[in-house]
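Q: Please take a close look at one part of this model, the disulfides and the nonpolar core they belong to. I am new to the structure and would like one connected account.

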Amino acid sequence: MTQRGWSILMGCVVVGALLAGSAAAAPVPAGQQCSLATPAPIFVQTLHPECCTTISSTTTEATCDSVSYSADRCEQYNGGNQCAWTCHCCKPLSSSYSYAYCGQFDSLGAARCNAVWQGTACTWTCR
């Protein structure tokens, strides 16, 4: 690889790192644009503020929105007493099981959800 090629590659890596950690970064000089698009950080790509709602009078909805990138993170925030994840399709059949427990089967589909503990723990209900 030539020195110029190496410089462009390293410039892309540096700019990519800056973009991943910051909303704004210095522009790449003309003629040296990166050929690979830099994706947004994963936690920004997977926010679902509609799914993480406050369950505490001392916690604002904006606080729960800010931890809305996974069911576990939402429901475990500050000891689990602040926010609840409401977008589960796999829901508990009784109070013996939590939404977080049944929700872990969401990505595995309805059949797996309905089969947990021979069908006594969770059921697939998308509304």
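A: Cys90 and Cys113 are both buried. The model is a predicted one, and these two cysteines are a convenient place to start. They are joined by a disulfide, with an S to S distance of 2.1 Å. The torsion about the S-S bond of Cys90 and Cys113 is about 95°, so this disulfide is right-handed. Cys90 belongs to strand E3, while Cys113 sits in helix H6 (residues 110–115), so the link connects distant parts of the chain, 23 residues apart.

By the distance rule for sulfur atoms, the model has five disulfides. Another of them pairs Cys52 with Cys74, whose sulfur atoms are 2.1 Å apart. The link of Cys52 and Cys74 is right-handed, with 95° about the S-S bond. Because Cys52 lies in strand E1 and Cys74 in helix H4, the pair ties together parts that are 22 residues apart in sequence. Cys52 has 0% relative accessibility and counts as buried. Cys74 is buried too, with a relative accessibility of 0%.

A further disulfide runs from Cys51 to Cys87, with an S to S distance of 2.0 Å. Its torsion of -95° about the S-S bond makes the link of Cys51 and Cys87 left-handed. Cys51 is found in the loop between helix H2 (42–45) and strand E1 (52–54), and Cys87 in the loop between E2 and strand E3 (90–92), so the pair ties together parts 36 residues apart in sequence. Cys51 is buried, at 5% relative accessible area, whereas Cys87 is partly exposed, at 33% relative accessibility.

Several of these cysteines reappear in the nonpolar core. The largest such core has eight residues, namely Cys51, Cys52, Cys64, Val67, Ala71, Cys74, Cys83 and Trp85. Helix H4 (71–76) and strand E2 (83–85) each supply at least two residues of this core. A second core, separate from that one, has seven residues, including Cys90, Cys102, Ala121 and Cys122.

Trp85 deserves a look of its own within the largest core. Leaving aside residues up to four places away in sequence, Trp85 touches Cys51, Cys52, Ala71 and Cys74, among others. Its contacts also include His48, Ser68, Ser70 and Glu75. Two disulfides therefore meet Trp85 through their cysteines: Cys52 and Cys74 are joined to each other, and Cys51 is joined to Cys87, with Cys51, Cys52 and Cys74 each in contact with Trp85 by the 4.5 Å cut-off between heavy atoms.

Technical notes. Residues numbered from 1 in each chain as written. Predicted model: local features only at pLDDT ≥ 70, side-chain atom pairs only at ≥ 80, totals over all residues. Heavy atoms only, no water. Core = buried A, V, L, I, M, F, W, Y, C linked by side-chain atoms within 4.5 Å. Buried < 20%, exposed > 50% of the residue type's maximum accessible area, 1.4 Å probe, protein only. Helix = DSSP H or I, 4+ residues; strand = E, 2+ residues; numbered from the N terminus. Disulfide = S-S within 2.5 Å.
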